[in-house]
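The following report describes a structure in terms of its overall organisation, its chain contacts and its sheets. It is best read with the coordinates open alongside.

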Amino acid sequence: MAKNINKAISGKRGDSVRSDCYFEIELTNSGGIKLDIKSKVQSMYGESIKEMILGMSKFFGLKNAKILCEDNGALPLVLAARFELAVKRLLPDLKKEYLLPIIKQNLYSTKKDQLRRSRLYLPGNEPKFFVNAGLHSPDGIILDLEDSVSPSEKDAAQLLVRNALRSVDFYNSERMVRINQLPKGLDDLKFIIPHNVNVILVPKCESAEQIHLLEKEVDRLKKRYKVQNPIYFMPIIESALGVIKAYEIATASNNICSLAIGLEDYTADIGTQRTNEGRESIFARQMLINAAKAAGIQAIDTVFSDVSDMEALRQSVIEAKSLGFEGKGCIHPRQIQVVHEAFAPTVEEIEKAKKIVFAFEEAEKKGLGVVSLGSKMIDPPVVKRAIRTIDLAILNNLLDKNWRE
Amino acid sequence: MKLVKNAAGRLVPTEVNGLQQVPFRGVNKYKPTGNKAKPPIRTCIDYPTDGNKVVKDLKTALKKAGLKDGMTISTHHHLRNGDVVTNILFDVVKEMGIKNIRWFPSASFPVHSHLIKYLEDGTIHHIEGSMNGPLGKFTTEGKMKGVGVLRSHGGRYQSIQDGEVHIDIAVIAAPTADPFGNATGDRGKSACGLIGFALADSEYADKVIVVTDNLVPFPCVPWQIQGNNVDYVVEVETLGDPAKIVSGTTEVTKSPDRLLIAEYVAQFLDESGIMKDGFSFQAGAGGTTLAFAVYLKERMKKKNVKARFIRGGSTKYLVQMLEEGLTDYILDGQTFDLEGVRSMRENAGHVNTSPFTSYNFHGKGNFASMVDAAVLGATEVDVNFNANVVTHSDGYLLHGIGGWQNCLFSKCTILAIPTFRDRIPVIVDEVTTICGPGELIDVIATERGLCINPKRKDLLKAMKNSSIPIIDIKELKKEIDAICGGAPAKPKVNKAKVVAIVKWVDGTVLDSVFEIKNV
């Protein structure tokens, strides 16, 4: 264990920093807490920042310390995470957690077959993007602890993501976290499981054992923190081995809601370049779709990384949809609406779905066991699909809520 | 300083810089009577018959114009942050040993922080115009000798016309001019578009000096400023930095939240029925309002709707709409990019306007109230829809009013603003400084949805089934306070010292800006 550390820093400083802050804590032998706050919002929130830091110092048992805070308009959840981090870098054995109240808007759970057309990746250590992400109405928001966070700031992102899960309004988007690659990712779980995460994204997944390992730890933490809401897993397949094992992974746990593909790493793994046409990944994508469907879960496509080309994004989603994918990764909020529009059913699909639903309701009314449309029999999965098409059409304003009238 | 409470409930002084003031009485409640101010009679025989009014330099011109202590000098902001003329002008004033000038710009920019030393040494007594950036800080900290006066573009015209401000010497920077004094802004290496802000000054000032870096033989066509009103012409090497006078190209915002706001505004115009054949709107050159124009254009094309006119601040985006036939006219108040300047030169449908046509309180009507929708910004809005554009929540002066107050008279005024910036709430209990009464503000468009002024029942009804969230402004404020960690504390000000006043469009005093304590 680290000894003789008496100074620690956290956060970000400098003129270009916005909505974040920087802390330096130096332990001293006497003199109590000496606080030096330089805040861009001094006249508006200077007092409240001071109160928070003194309160937290007391909470963590800091008695004598020199504390420097350089604040560039950080929200309270950010200030708290950065301060806690500096304290914990100073006192690594400290177990206490400074938890902000969990806001009631966030106490929802999701379903295994939840719509997952769009998932918006947010770097886990970049708080300025958190608060308004839900306003852009993605189906899911991913707070990322993996690739977007530098190795030296993993501890910072864990605290920030924990605080965000508790006090950022997700506006009904599914609350997702991408943990680090297993087994390292197991360390991330205690920062998310007790705070109502809905879906855990598991990067670079290559075997059922990894999922088993994850599930065991998740179950343990759920019990310990008395978590009732379901927590689903979305393994991300990003390697040749993962593709070959796709079905094994898809069926490794009943909590797996979807399989996603990550093509940047996959193409590197098979020794090629990612192209717009995507011929190099067609096998992997089809394999993954087939495995997912065989397991009865969703197949989710990779992210689209050119944020300036909305037309190419639209084409890419239309292609993904035609292959059997049900979702796409987004790295910019402006991509979300385009993704939703491209996944939306066509006029023909809506008309067909309406007929099927009518036929189904008619059959139910008459107590018929078999649904038929014209001379064709309709299987239950087709009805289910039709209902989903109708739901999607309503969501995209292509069909009125009261379409039956 | 004696303060009284005005009709907006604000404490305002009854005397400023030795002049009696009328406290704000309410919107459309104050109508001065009598005659307009008038310039002295001039006779052409006193001017060179060959039309050559060129003098050696600015100092000569100022001497001939009879510059004395305590006079009022006006300048204009069409060179924006690229302006060097105003700074050189005051270097000369200082060199001449003149003191206590009232500087009457149509607006100031950060480049004018050069003048702080002249405010300190008494060359300039005070500013009546906008006090931006460093000048705003200087003023708010109580360092200016006199009290600043902030006016809208229309209010500036009004104050000249009803005699409140008498300009002794107007210095008009002109990107192109002839020796007679005819001047234009739409061409020359320092082209800025139009110079309509100088119109009142050219007509009412005792002496008018045109400064140009592109002197052409008579006639300079078009003559946005008429040489018949000009006393002296000065040729200089350069008016300033062309890259800062107009941007090469203005760009829409990349911020996803601002784009969402812009999209909501366009959707609102469409769904509320404002966007229909023959309609009109005004949009500025801020990143959000530019994006709004882009989204509105998509909707207009989709529905095959054409506007009769668009009020600028023109930019390439408005120019594209004009050139693609989506509007008959751009009525331009100031030109923000090179495409705007080109269009103004080449397209008869791109018309230049002035604060007289657009905003003037003492005209027989003006354009502002004829616009169907105006999309504007604000630094703060309170739960009664009152808005602030001149100070920030920390109490510091940071922006001018521009045409903002005047535009509030449009048929539907929309403020497109984020609900908070970093940690600073934009929706507040009470604005730090009131610049626009809430009764004139119809819609607050934010990334969280729209707040519609309860008195606009028609709009509330029209938007009932919209997919845009329609939010009660008090609820929105609660949500924002929760995000930011409580309502912000008010700045600590010295209520005994007014550092600037905000005028309403009719010349009455709407609010005071107080000195910030402990700096």
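## Overall organisation

In this predicted model, the secondary structure of chain A comprises 12 helices and 14 strands. The C-alpha trace of chain A extends over about 90 × 50 × 45 Å along its principal axes, and 45% of its 405 residues count as buried. Among the contacts in chain A with a separation of 6 or more, 72% are made by residues 24 or more positions apart.

Chain A is divided into domain 1 (7-90), domain 2 (110-343) and domain 3 (347-395). Taken over C-alpha atoms, the centres of domain 2 of chain A and domain 3 of chain A are 31 Å apart.

## Contact between the chains and the nonpolar core

Where chain A meets chain B, 21 residues of chain A are in contact with 21 residues of chain B. Helix H1 (residues 42-59) of chain A supplies the largest share of the chain A side, namely five residues. Sorted by class, that side of chain A holds nine nonpolar, nine polar and three charged residues.

The largest nonpolar core has 272 residues, of which Leu259(A), Ile172(B) and Val265(B) touch the most other members. To this core helix H2 (residues 76-90) of chain A gives the most, with 10 residues. Leaving aside residues up to four places away in sequence, Ile172(B) touches a set of residues that includes His76(B), Ala183(B), Ile195(B), Asp201(B), Val208(B), Val211(B) and Ile225(B).

## The sheet of four strands

Which strands of this open sheet stand at its edges? The four strands of chain A follow the order E1-E2-E4-E3, with mixed pairing. Strand E1 (7-11) and strand E3 (33-39) of chain A are the edge strands, and each has a single partner strand, so one side of each lacks a neighbour in the sheet. From one strand to the next the twist averages 10°.

Within this sheet, strand E2 (residues 21-27) of chain A pairs with strand E4 (residues 65-71) of chain A in the antiparallel sense, over seven bridges. Glu26(A) has Lys66(A) in E4(A) as its bridge partner. Helix H1(A) packs on the sheet, where it touches E3 and E4 of chain A, and the direction of H1(A) makes about 150° with that of E3(A). The helix that packs here, H1 of chain A, is also the element that gives five residues to the side of chain A touching chain B.

## Strand E6 and its partners

Is strand E6 (residues 140-144) of chain A mostly covered or mostly uncovered? Strand E6 of chain A is mostly covered, as five of its five residues are buried. Gly140(A), Ile142(A) and Asp144(A) point one way from E6(A), while Ile141(A) and Leu143(A) point the other way, and all are buried.

Strand E6(A) runs parallel to strand E5 (residues 118-123) of chain A, with five bridges joining the two, and E6(A) also runs parallel to strand E7 (residues 174-178) of chain A, again with five bridges. At the level of single residues, Arg119(A) has Gly140(A) in E6(A) as its bridge partner, whereas Asp144(A) stands opposite Arg178(A) in E7(A).

The strand pairings described above are collected here.

| Strand pair | Sense | Bridges |
|---|---|---|
| E2 (21-27) and E4 (65-71) of chain A | antiparallel | seven bridges |
| E5 (118-123) and E6 of chain A | parallel | five bridges |
| E6 and E7 (174-178) of chain A | parallel | five bridges |

Definitions and conventions:
Residues are numbered from 1 along each chain as its sequence is written. Chains are lettered from A and ligands numbered from 1 in the order in which they are written. This is a predicted model: local features need pLDDT of at least 70, side-chain atom pairs count only at pLDDT 80 or more; totals for chains, interfaces and linings use all residues. A residue is buried if 20 or more other C-beta atoms lie within 10 Å of its own, exposed if 12 or fewer, and partly exposed in between; C-beta atoms are placed from the backbone. Two residues are in contact if their C-beta atoms, placed from the backbone, lie within 7 Å. Domain bounds come from an automatic or database domain assignment. Ala, Val, Leu, Ile, Met, Phe, Trp, Tyr, Cys and Pro count as nonpolar, Asp, Glu, Lys and Arg as charged, and the others, Gly among them, as polar. A nonpolar core is a set of buried Ala, Val, Leu, Ile, Met, Phe, Trp, Tyr and Cys residues joined through C-beta atoms within 7 Å. Two strands pair if DSSP finds at least two bridges between them. Axes are lines fitted to C-alpha atoms, for helices over the stretch in contact, and angles run from 0 to 180 degrees between N-to-C directions.
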